[in-house]
Each structure stands twice: as structure tokens, then as C-alpha cells.
Amino acid sequence: MTARLTVSNLTIRLPRGADRENAIEDVSLTLNAGEILCVVGESGSGKSVTASAAMGLLAPGLSITAGALDLCGEDLRKVTSDQWRAIRGRRIAMVFQEPMTALNPLMTVGAQLEEMWRVHLGLDAAEARQRALAALNEVKLPDPEGALRAYPHELSGGQRQRVMIAMALALEPEVLICDEPTTALDVTTQAQVLALIKDLQVRHGTAVMFITHDFGVVAEIADRVAVMRLGRVVEEGSAQAVLTTPQHDYTKALLRAVPALSAPVPRALSDERVLEVRGLTKTYASRGIFRRRRPVRALDDVSVSVRRGATLAVVGESGSGKSTLARVVVGLLGADGGQVKIGGAPLPAQRRAAARLVQMVFQDPYASLNPRRRVGAQVAQGPIAAGTPAKQAMTEARELFCMVGLDGDAVDRYPHEFSGGQRQRIGIARALAMKPQVLVADEPVSALDVSVQAQVLALLRELQQRLDLSILFITHDLRVAAQLCDEVAVMRNGVVEESGPIGAVFASPRSDYTRSLIAAIPGKALFGT
Amino acid sequence: MRAAKAYLRSPAAVIGTVILLAVLVMGVGADWFYPGDPLGLAGRPLQWPGQNPRFLLGTDSSGRDIAAQIVHGARISLLIGFVATSIAVVIGIAIGSVAGFYGGATDTALMRVTEAFQTLPNFILLLVLVAVFGSTIETVTIAIGIVSWPPVARLTRAEFLSLRTRDFVQACRVQGLSDAHLILREVLPNALPPVIVYASVVMAVAILLESALAFLELSDPNVPSWGNLIGLGRNVLRTEWYVSAIPGVAILLTILGVSLVGQGLNDALNPRLARAR
């Protein structure tokens, strides 16, 4: 085994005024030829900074203060910016998290791909085209000829990521750095892309540094694992060793937080249906004279129901209509047909009346709070608008803050003073302030780190028992659904494919689609039942 | 607090603030520096600056003290700047926020009105308004405010269009809050920073528009404005050029001050843009 990329005792300083002095401290990693090294950590652990240092793409304000970077014997700290241009793409390549923003929207996929050979190797147009076609064939794009002529927006997320991989491997680099390449993808697509990366890595003997926060993904592809926390490598070893016999407490905690795919013990459920959705349809049509796109059926005759005090998970991949369903249920979107009934009566069209019946917890805790207002006021404003005296509403807000595990005095602070998990707790408090009959949670934990995810889910479970909450829980992640939910409805292309008690659906899925979703969960072998 | 610190750290902002404060002190203390009517006869006409120690900046063609007119004129220019800008910003925010928040037919209607105003060159429109309603200082100020609001409305609308779909606004809808609350308490405070920055541009243009009117002798002749002085000096521009040049420099410095303050505000309120520069 020869070391391709060696990072030794690297320390990178953050600009003054940051929450800690160094982004990474004394980090040493070795990436050997023909292996996949997974760098795992939660947000803020310094894993992406390490990768950008290896690419010579440190963000302005960051500076290397100590240590060395070495690519096959060449000292990367001495490389000038002109020399970097020759190294990047040719010797070290990178695949980014968001394939849409990493591709130029105004150039065809073919033109961008061919550029690699034309710029770096000076090949002529015909030869570059040949190579591009071969590369797209290798990453198993369904229609490589068509893809060459297509613009990035005409491909799906998974296809775009395949193009990015083809581009990264175009010049047979010695080192490939993948920065959360599958985080933005659906589970089934993620499984395909992971298999593709593994396959290409074996075939080309590339050394891959794979950055991820998901231990499931690690279990699927890693040869070796380095766990990072607050800028330091806390544990490193073979995938087998780290995943099965972790040494460091932090690694153990992270592994414990990975949700297992086992249905919870079934509870006795009430027969009362507090939320009933009957035959809901919603079509997104493009308006105007030039109707280029075909209308999209986001909801096609959807019927689901939530029992009082229970949780229904609506599971589906992107584009399945699950978020549209959530928005129709809380009244943010109007439906084209069908009915939403809460407590037996149709959802009132008036905003103020509906607020008492159904509330929502949003996906992104950073976008769902107004940055310029105190969080207490944002929690209390709903009850105040509904007629509660301001003083009483503020007292209730304090109590709610305590109930969701925050300090009651935190009501006087602004959103930027809280972490993502804390903000999500505030979002939950805001929803509960209206004392709704039904709580709609739209991917409430998908933007959070695993350990924080587990805490928020535990909070929701506890609140459900205490307040007898009925929850409609939207998620793309079956593992998350399995932790909290009593019943599940699997959606695909606006249609409910399958629904029933979660234990039954997991144990014996009736539809092929559910089966493929379960099969695609990363790390099943390790974390499964 | 953080914004205030960032503001004071920028040299441009500090210089601009100092200039504007100086103009403000001149305007506020005008009666103390030069008591009496600045438009009254003071001495022999057309004395060069420094020629007579009584008249620091000389006299104009009617024998009035230029220094007294400059100091009193600061009051008029600032007043026109502030009041006209306030009018433009209030109209602009009202129209822009309603158009941006509701979208659809409301947006289309309001934006066509805005474009109708924008297609007319605003100085021509100003001339028409002054010609119709007379040229007292009040009508001139209001007229300047009326011709300056369309860009403010467009800017506010653009901010509202992107902010109204944010999750925190949707969350307030779900809480059952009224549209008025959503517009005034949730969206507007977040839309305001670029509008405040743009207001400094509006203010500079307002001061210039008044001077331009006065140069054409269409502004209120009964107030000691800088523009009026430039207009007077026009007749003796070749021989006694200082009559026009001195108020010209005063206008230049004031507008420089306003622009620098605007730049500083921009850096302080949009820290991300400032760092990228």
C-alpha cells in the first residue's frame, strides 16, 4: 500500500471572533491507493475544511498555521496558485454535495465534460467527445448520447451526480475527494451512487476520501474510518473495527444515535380518527400561453388518517407529494379536490380558526424563525392574535420553553443565539402554543445532526405521551419513521402506495416500491434489526 | 449593536458622518452664526472672497453675504433632502410591500403604475408639477418626493417577493396571524436594510434636483438655498465664477457625505456583501 495523500499534524486557524480558535487542530490522515477513507463527523467538526485544504481551496480568512500536506511526495503547501490549477482536476478531483450548483447551468453537460480533456490534455473536439461518451457510459447514465446534449436542469439529481463523478474521474486522478455526495439524493438513488463510486474506485484504483455525517453510508463503502469532532480526529481505524468495536466515547455515542430499522412495540391505538384526508388531489400546472411543461399531479386521490394520540408517518422520496400533502393539511395550499377533516369537521378556510386545529413544525430550523424578532414573541404571537392576553401568552411561552427542554428565560433572545436543535425545539414550542388537535411535522429532523436528531425525536415522543398529541410526520427517512411512528403511509408520485401499522409494513411490505425503499437504506447489514 | 460597530469601523462611513454632521451644525446654528436675514443687503456687490474681512466668502451680484447664504442654505438643502426622501420612501414602501406581498393581479396593477412613473424622465415630471402647483418650498419638496418613489417601490417589492415565501412567514400564517402583522412585523423589518441604503441615494438626488430647479430659477426664490445662489451666479459666471462655485462645492461635499454614509450603511447592514468585495 502506498500513501497517496498524507495530512500530517495539520492545524488551520479560523478568523478571529469565531467560536473556536482553530477549524482543525493537529489532524493527521493517510489516504492509501485503492482505498476509501471515510471522514465522519457532525456539522462543525472540520471535516469539510480538511477536504478543502487538500484541494487548495480554503475559504478566505482561514490559514494553515502548522503541519504538512503531501500528495505522492509533493509538498502541497509550497504549490503556487498556477500550479494548483494543474493539480486540481488532474491529480485531485472533487465531487460536491449539491450537483446542481456545481454544474454550469448555461453549458450542456457534454461541453462541460469535454472541457476537462480539452483544457488539461489539449485533445481536439472529436476525441474529447468520444471520451465524454465513454465516461458517461461508465457511470451508467441511461441515455449517454442524449445526456451530452442536455443542460444540467434537464437531468435528475442522481443523474447530475453521476455526471459530476464522470467529470471528477475524467483524468484518472490519484485522489478523489467526495464531500457528502449523496446527502442531497433520495435513498434509492443514494444506494445506486454509492455502489457506483465503490465500483469505479475498485476499477481505477483511485484513493477516495469520502466525507459524510451518516454512519449508514460509512458502513456501505468505507475501508477505513476517521471520526472527527470539533476539529480533531478522535478515532481512526478500519471500518470493521470502528463500527463494531468503537474505542472513543464520542464514536460510541454517534453509533448509538444511528436509528435502527426496527419497528417500535405496537401500542394500543385509539379508534377515533382526529385527522381524515379523503380523496385529496392537487395539480401544479404551468400557467401562461406557452405551456411547456406538463401539469404535475402532486396529489392523486390521497386518503390517509391519523388516530388521536398516534403518529402517522408519510414516507416518500422527493417529488412524491408528501410536502404538498402537509401544506394542504395546514391550509397553506388549497386542494383541487377532496377534503381535509379535523375532529370530524372540514378544515375552516379562515386562517385564525384553522390555527387552533392544526399546527406545523418546519424542516429548516434556520429559515423558520424570523431573525429579527425575539423568540418568545414569535411563540406568543399566535395565542395573542387568537385573543389570549399578552401577559398570559408570555407566561405560557416560558412554560412551553421549559417543556421543550430550553431555559424559560431564553424567550428574550434572538434566533441566532441558538443552535439548530434548539431552534427546532422553539419551532415545536411555537406550534404547541396554539394547543392544536393535530401537529404536522414536515421533515423536522432532516436538517439536524444524528445525535441532535435523536434528541428531538425523543422530545416529540415524550410530548406526545404527555399531551396526547396526534402527529402527521412527513419524512424521507424510513429509519426516522421507525423511531416514532405507529402507522405509515408510503407515497410515490402523488399516490399512496401502501399504508398500515409500521411493524406490518416493515416486516412484510406489500408493494415493490416499499421493498426497494427498505433495501436501499444504507448500513442495513450493520444497523438493521 | 454589531451593525453599529461595523459602521464605525469603516473609514468611509466615519468621513461621511463627519461631513453630514458639519452640514447639520451649520444648518441648526445658522441663526447663531449669521443672525438676521441672509437675503438682506449686506454690502457692495461682487466682492471677491478675502477682499473684505467682513465677508468671508465675498458677496453676490445683489450685495448679499455669500457665507450667510451658504450657512442658511444648509438648512434648506437638508430639509428638502430629509422630507423629500421620507415622502419617497413611505410611498415606495407602501406600494412595493403590497405589490410584493400579494403578487398576482395586485402586483401587476401596482407595477404598471410604477412603470408609468418611471418611463417619464423624473426631472421633466418635476418641472410639470412645479409649473402646475407653483414653486413654494413646500410644493417643490413634495414634488421631489413624488418623482423619486418608483425605484424604492421596485426594490421593496423584490425583497418582499423573496421573503414572503420563507418558512418563518409561512409559520406565522399557520399561527393564524393577519396579513397586516405579516407585512409589518415579519417581512418589512427583514426587507428594510437595502431600502435604507437606497434612501441615501434618494436623498442625494433630492438635493441635486432642488439645485437643478433653482438653477433654472424655478425653485422658491424667497429662501436662501444653494441652488438659488448658483442660479444667481450664472449671469456673472465668466468674471465672478466664485458666486456659483462656492455653493457648488457645498452641494458636492454634502452629497459626498450622504453617499459615504450610504456606503457605510450598506457595509454594516449587508456584512456578507461587504466581505466579498
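**Close-up views of a predicted two-chain model**

**View 1. The residues of helix H16 in chain A that are tucked away.** In this predicted model, the buried residues of H16(A) are A:Gly420, A:Gly421, A:Arg423, A:Gln424, A:Arg425, A:Ile426, A:Gly427, A:Ile428, A:Ala429, A:Arg430, A:Ala431 and A:Leu432. That makes 12 of the 13 residues, so the helix is mostly covered. What do these buried residues pack against? Within chain A, the neighbours are strand E16 (358-361), helix H14 (375-385), helix H15 (390-403), strand E17 (438-442) and helix H17 (450-467). Chain B joins in too, with helix H8 (167-174). You can also check the length of H16(A), which covers residues 420-432: at 1.5 Å a residue, its 13 residues should span 18 Å, and the end C-alpha atoms are 19 Å apart, which agrees.

**View 2. A six-stranded sheet in chain A.** Here 6 strands of chain A line up as an open sheet, in the order E6-E7-E8-E3-E9-E10, with mixed pairing. Strand E6 (92-95) and strand E10 (232-238) stand at the edges with a single partner strand each, so one side of each has no neighbour in the sheet. Going from one strand to the next, the twist averages 20°.

**View 3. Zooming in on E3 and E9 of chain A.** How do strand E3 (residues 36-40) and strand E9 (residues 224-229) of chain A run? They run parallel, and 4 bridges join them. To find one of the partnerships, look for A:Cys38: its bridge partner in E9(A) is A:Val225.

**View 4. Two helices lying across the strands of chain A.** Start with helix H1 (residues 47-54) of chain A, which lies across E3, E6, strand E7 (175-179), strand E8 (207-212) and E9 of chain A. Helix H1 of chain A runs at about 150° to E8(A). Now pick out helix H7 (residues 157-169) of chain A, which lies across E6 and E7 of chain A. The angle between helix H7 and E6(A) is about 175°.

**View 5. Two glutamates of chain A with positive phi.** Most residues other than glycine have a negative phi. A:Glu172 goes the other way, with a positive phi near 50°. You'll find A:Glu172 in the loop between H7 and E7 of chain A. A:Glu443 also has a positive phi near 50°, and sits in the loop between E17 and H17 of chain A. Which of these glutamates is buried and which is exposed? A:Glu172 has 52% relative accessibility, so it counts as exposed. A:Glu443 is buried, with a relative accessible area of 7%.

**View 6. How chain A is divided up.** Chain A splits into domain 1 (1-91 + 175-258), domain 2 (108-172) and domain 3 (273-527). The C-alpha centres of domain 1 and domain 2 of chain A lie 26 Å apart. Where these two domains of chain A touch, 18 residues of domain 1 are in contact with 15 residues of domain 2. An unreviewed UniProt entry also places the feature "domain: ABC transporter" at residues 5-255 and 275-518 of chain A. Over residues 5-255 of chain A, you get 41% helix and 25% strand, with end C-alpha atoms 27 Å apart.

**View 7. Chain B, helix after helix.** Chain B has 12 helices and 0 strands. Its C-alpha atoms fill a box of roughly 75 × 45 × 30 Å along the principal axes. Of its 277 residues, 49% count as buried. Among the contacts in chain B between residues at least 6 apart in sequence, 70% join residues at least 24 apart.

**View 8. Annotated stretches of chain B.** In an unreviewed entry, UniProt places the feature "transmembrane region" at residues 12-34, 78-103, 123-147, 195-216 and 241-262 of chain B. Take residues 123-147 of chain B: this span is 88% helix and 0% strand, and its end C-alpha atoms lie 8 Å apart. Residues 241-262 of chain B are 95% helix and 0% strand, with end C-alpha atoms 31 Å apart. UniProt also lists "domain: ABC transmembrane type-1" (unreviewed entry) for residues 74-262 of chain B. That span of chain B is 84% helix and 0% strand, and its end C-alpha atoms lie 19 Å apart.

Technical notes:
Residues are numbered from 1 along each chain as its sequence is written. Chains are lettered from A and ligands numbered from 1 in the order in which they are written. This is a predicted model: local features need pLDDT of at least 70, side-chain atom pairs count only at pLDDT 80 or more; totals for chains, interfaces and linings use all residues. Side-chain values use heavy atoms; hydrogens and water are left out. The expected span of a helix is 1.5 Å times one less than its number of residues. Buried means under 20% relative accessible area, exposed over 50%, partly exposed in between (1.4 Å probe, protein chains only). Contact means heavy atoms within 4.5 Å. UniProt positions are given in the numbering used here, feature names are shortened, and annotations may be inferred rather than shown by experiment. Two strands pair if DSSP finds at least two bridges between them. Axes are lines fitted to C-alpha atoms, for helices over the stretch in contact, and angles run from 0 to 180 degrees between N-to-C directions. Domain bounds come from an automatic or database domain assignment.
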